[in-house]
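Dear colleague,

I am passing on the structure below for you to look over. My notes on it follow directly after.

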Amino acid sequence: MISAFDFIFYILIFLSVYVQVFFLVTFIENRKKIVIRNGKIKLKNYPAISITVPCWNEENTVEKTVNSLLDLNYPKDKLKIFLIDDGSTDKTLDVINKFKDYPNIKVFHKENGGKFTALNLGLEHCDTDFFGGLDADSFADPESLVRIMSYFEKDSEAMAVAPSVIISNSKNIIKKAQKAEYNMGVYFKKMLCFLGAINVTPGPMTIFKKKVFDDLGGYRHGHNTEDMEIAYRMQKNNYKIEHCNDAYVYTNTPGTTKKLYKQRLRWIYGFINNTIDYRKILFRKKYGNFAVFTLPMGVISILSVFYLFSRIVYNLGNFLYSKIVQLKIVGFSFKIKSFIFDPFFINIQSFIFLVFSIYFLVIFAMILGRRMTEGKWGLSMDMFYFFPIFTIIAPFWLMKAVYNTLLQRKPAWR
Amino acid sequence: MNNNIDWKKYLIVFFITVGLFVTAIYLSNYFGNQKINQLKTIQDKIAIDILSSETQFSLLSELSCKSISDSVFSSELGELGNKLEWSQNNLGATDEVSYLKKYYSLLQIKDYLLAKKISSRCGTKSAFILYFYTTAANCSLCGQESLVLSTLREEYPELRVYSFDYSTDLSAVTSMLQIYKIKDTELPALVIDDEVLTGFHSLEDLEARVQDSFKLQEALPAGDIKK
């Protein structure tokens, strides 16, 4: 007889395989619609855009961020840049003040109130039809904005267009692992875009029609994930979010395990709590694939990691216990046992094949993501760093996020 | 529009996922059957070896102990035991695994009887332990005793341990349980030199008994027994 634990295990595996197959089928359906432009493009019209750069203690990166905006292939008179110092305690204000004499740049300083308040200050001063933000640790590719705007030109229903966020440099293993993850993220985001089910409009360079904020209100705290909350709100109100896969924005990612843990804890906490806030739309077909696929998929991922981790810890505990018992009973043996590999002992339970199929589909997603971002096919070393690093650390930030939600503890930004 | 849900796609993906599950189950069963067949082949080989040794022994009687084939003392029986145990844990206690386990118990008894006969007639250095256990969850000591016996077997290659699952539904095993008056409440149980020991026995305790068993043999026929 199959135990209740095994039953749950197989249900979670079924759902995980389902999600991956769903993405694959979406890819097969829409593969010809994925366009990657290499050269410069021109628009019929160049609408005016306001871009806000909220800064909080970003003295090391903000200058490069602003320069990347100034280097954008977009008419300067159509681009307004708001640099907003959100009460930094370092020299961020001094750095951004260097740009105050530029005709299309305005510098603001305010008391620290959180990123969403800085973005809202930008919104208050926005008198253009399009509005966007760019995190002060991210750098826009010169062609990114014009490519994003081409989506608005092509589709009048598009209310927001998100770019492909990729890693600016990947010096160490932690960053390399994230590089593979971000590349995969580009593929998943494109697939979610085809489903009309994007759940995050990333801080780095998502461009919105100003109407979105006029209709739905400004940014909210959103459990420190204001870019997720606004996407949820847009989906709830049936506002279309597009993804411009060939608009690249490079972002700085955490370089240490501790920083990565803190960032992901904030993201997952944001996902859990925004999903709780918007729970009424779950499984309601009038909210489309976002309610029927994206949100349940996120919940399934958390449950699967949670369950698998508990199972691994339980098995590891059992193994250690048996070793301690063995040590107690027969003592420690210095004899090196001759080890002969016998294929008989290879586990062939059905879940092994299913787990392999999940890994296969995830690697496939990474390869496609790499093709979409780096233009290269095939495996990379970054993918091999991804699995061990994320398998080991991810359960901890997931569990901590669940724990914080239960105890209503809010994680810090950094 | 955003709120368009393609239910047909959800259904197709469902069937593809079910298809992957069915394939995984098929592959699992296919390789499981391959393993069962492998076990059957090993058992058949051991059965032939034992039968051959028995026949050889009967033919040659006491004339030439040296001519007795070593194959009966091969480690294949132990290897088969390990594989059967693994199969029970990983493939489940299916009818086929239970059948193979019965067959294995029978082979062990035959091997025991033959090895004992050869040992007493030819004076080969050997000691025998019959070990009765249960896979029931309430017998934590059974697992511990198995560890002790595995260690002991590694230290004394001449020691032959025969393990019997108490719940094996085989008349030969039942007869052994009756002969040694072993009850399921007293497991694990061991038989060394016809002495029945119940409950857990430590490595030191059993080691001393095994060494005594070797000495006993030394005292009887003149054998070349090294300590």
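Over which residues of chain B does pLDDT, the predictor's confidence in each residue from 0 to 100, stay under 50? The stretch is residues 222-227 of chain B, for which the model has ten contacts beyond four places in sequence, a contact being two residues whose C-beta atoms, placed from the backbone, lie within 7 Å.

This is a predicted model, in which local features need pLDDT of at least 70 and side-chain atom pairs count only at pLDDT 80 or more, while totals for chains, interfaces and linings use all residues. Residues are numbered from 1 along each chain as its sequence is written, and chains are lettered from A and ligands numbered from 1 in the order in which they are written.

Chain B has a mean pLDDT of 80, with 86% of its residues at 70 or more. Within chain B, confidence is highest in strand β3 (residues 189-192), at a mean of 89, and lowest in helix α6 (residues 203-219), at 77; helices (H or I, at least four residues) and strands (E, at least two) are DSSP runs, numbered from the N terminus.

An automatic or database domain assignment gives chain B domain 1 (8-118) and domain 2 (125-221). Ten residues of domain 1 and eleven residues of domain 2 of chain B make up their contact, and on the domain 1 side helix α3 (residues 95-122) of chain B supplies the largest share, nine residues.

For the complex, the predictor gives an ipTM of 0.86 and a pTM of 0.83. The contact between the chains takes 29 residues from chain A and 28 residues from chain B.

Best regards
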